[in-house]
Structures are given as structure tokens and as C-alpha cells.
Amino acid sequence: MIRHATVTDLDDIHQLGRLVTENLHSLGIDQWSASYPLRSHFEKDLNQSGLFVYEEQGVILGAMALLPEHDPPYLTIPFSEGKSYVIHRIMVRPDLMRQQIGKQLFSFAFDYAKKQGAEWMKIDRSEEHTSELQSPNTI
């Protein structure tokens with residue numbers, strides 16, 4: 001089940017972030033660090049009503065931030081004007097990867113944003129990944 005996160009979820013989400021960071025580093029991907037993401041990042045998402053968790057039997061298996069925004073780095077991408085949402089910090093427990101949890105989080109994000117009147121979905125990514133930069137898709 002995917003739901004809005006609560007303040008009582010923050011420690012578990014932070015721990016998930018640490019697990020994902022360790023896994024990324026073990027794969028040679030240095031996108032996240034000891035200073036990002038932190039509990040404070042997730043708390044900010046929560047305070048904006050944009051933090052969601054994927055939960056089964058009371059255990060958080062995945063999480064993401066989904067926020068309406070127009071970040072300056074995206075202003076260089078040609079796309080239509082209109083309301084947009086951005087997925088930030090999407091993560092799934094490393095031992096449960098390839099089990100469709102990420103896919104369900106993405107599907108939820110697109111459905112949620114569309115219900116909020118968004119026309120565009122963007123996925124936040126590290127600036128080092130310029131080869132992945134492309135126009136966002138309409139929703």
C-alpha cells in the first residue's frame with residue numbers, strides 16, 4: 001500500500017535512505033552521500049505533504065518525495081507551460097529490488113499528479129547524469 005508518510009515514519013525512511021546509499025556505493029554509484037539524503041530532507045518533504053511510503057504489513061519497503069515545482073535546472077528543458085510534479089529521492093529496500101515496488105511508486109506518482117491537475121512529470125536526478133536529460137513526458 002502507498003500512503004502519505006507521517007512523522008512517526010521519518011526514522012524508518014531515514015534508515016531506508018542510508019541502506020539505499022550504501023547499496024548505491026557498493027555498485028560504484030556515488031550519487032548520494034553521508035550528508036544526503038538526511039532525515040531533515042525527508043522532514044521537509046513531509047511538511048510539504050509530499051512524502052509517500054510503500055508499506056506492507058506495517059513495514060516501509062520504499063519511499064519517495066512527490067512535489068509540485070519548477071526547479072531552475074529544469075527551465076532549460078523545452079516543454080509546455082503547465083502544472084508539473086517532480087519525483088525526488090525515490091528508493092526501495094535493496095533486498096527487494098526487482099519486485100515491482102519502484103514501478104508501483106512511479107505509477108502512483110503519475111496517477112496522483114494527474115489527479116492534482118498536473119500536465120507534466122519530472123524525475124529529479126543528479127546533475128552528473130546529463131546523458132539522461134530529456135524532455136519530461138506529459139501525464
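Which residues have the most contacts inside the largest nonpolar core? In this predicted model, they are L66, I101 and M121, and the core they belong to has 15 residues. Several parts of the fold feed into that core: β2, β3, β4 and α3 (101-115) are the elements that give it two or more residues. Helix α3 makes the largest share, with 4 residues. I101 shows how such a residue reaches across the chain. Leaving aside its neighbours within four places in sequence, I101 is in contact with Y54, L61, V92 and L96. There is also a second core, separate from the one just described, with 14 residues, and V20, L46, V53 and I60 are among them.

Stepping back to the overall layout, the chain has 3 helices and 6 strands. Walking along the sequence, these elements come in the pattern β-α-α-β-β-β-α-β-β. Of the 139 residues in the chain, 38% are buried. The contacts often span long stretches of sequence: taking residues at least 6 apart, 63% of the contacts join residues at least 24 apart. As for the outside, the accessible surface of the chain is about 8100 Å², and carbon and sulfur atoms account for 50% of that.

Helix α2 (residues 39-47) is a handy place to see how a helix can have two different sides. F42, D45 and L46 are its buried residues. They sit on the same side of α2 because they cover an arc of only 100 degrees around the axis. The general rule behind this is that an α-helix has 3.6 residues a turn, so residues three or four places apart point the same way. What does the buried side of α2 pack against? Its buried residues meet α1 (10-26), β2 (51-56), β3 (59-68) and β4 (84-92). One of those buried residues, L46, also turns up in the second core. On the face turned away from the buried side, α2 carries the exposed residues K44 and N47. Just after the helix, S49 takes a positive phi of about 55 degrees.

Charged side chains add another layer to the picture. Side chains of opposite charge can pair when their charged atoms come close. Searching the whole structure turns up 6 salt bridges. In one of them, the side chains of E55 and R3 meet with an N to O distance of 3.0 Å. This pair ties together distant parts of the chain, with E55 in strand β2 and R3 in strand β1 (residues 2-4), 52 residues apart. R3 also meets D9 in a salt bridge, this time at 2.8 Å, N to O. Through shared partners, R3, D9 and E55 are joined into one network.

Are D9 and E55 buried or exposed? D9 counts as buried because its relative accessibility is 6%, below the 20% cut-off. E55 is buried too, with a relative accessible area of 16%.

Another salt bridge brings D11 and R39 together, their closest N and O atoms being 2.8 Å apart. Here the link is between two helices: D11 lies in α1 and R39 in α2, 28 residues apart, so to speak of distant parts of the chain is fair for this pair as well. R39 is partly exposed, with a relative accessible area of 30%.

Key: Residues numbered from 1 in each chain as written. Predicted model: local features only at pLDDT ≥ 70, side-chain atom pairs only at ≥ 80, totals over all residues. Heavy atoms only, no water. Buried < 20%, exposed > 50% of the residue type's maximum accessible area, 1.4 Å probe, protein only. Arc of directions from axis to C-beta. Contact = heavy atoms within 4.5 Å. Core = buried A, V, L, I, M, F, W, Y, C linked by side-chain atoms within 4.5 Å. Areas by Shrake-Rupley, 256 points an atom, 1.4 Å probe, with all protein chains shown as cover. Salt bridge = Lys/Arg side-chain N within 4 Å of Asp/Glu carboxyl O.
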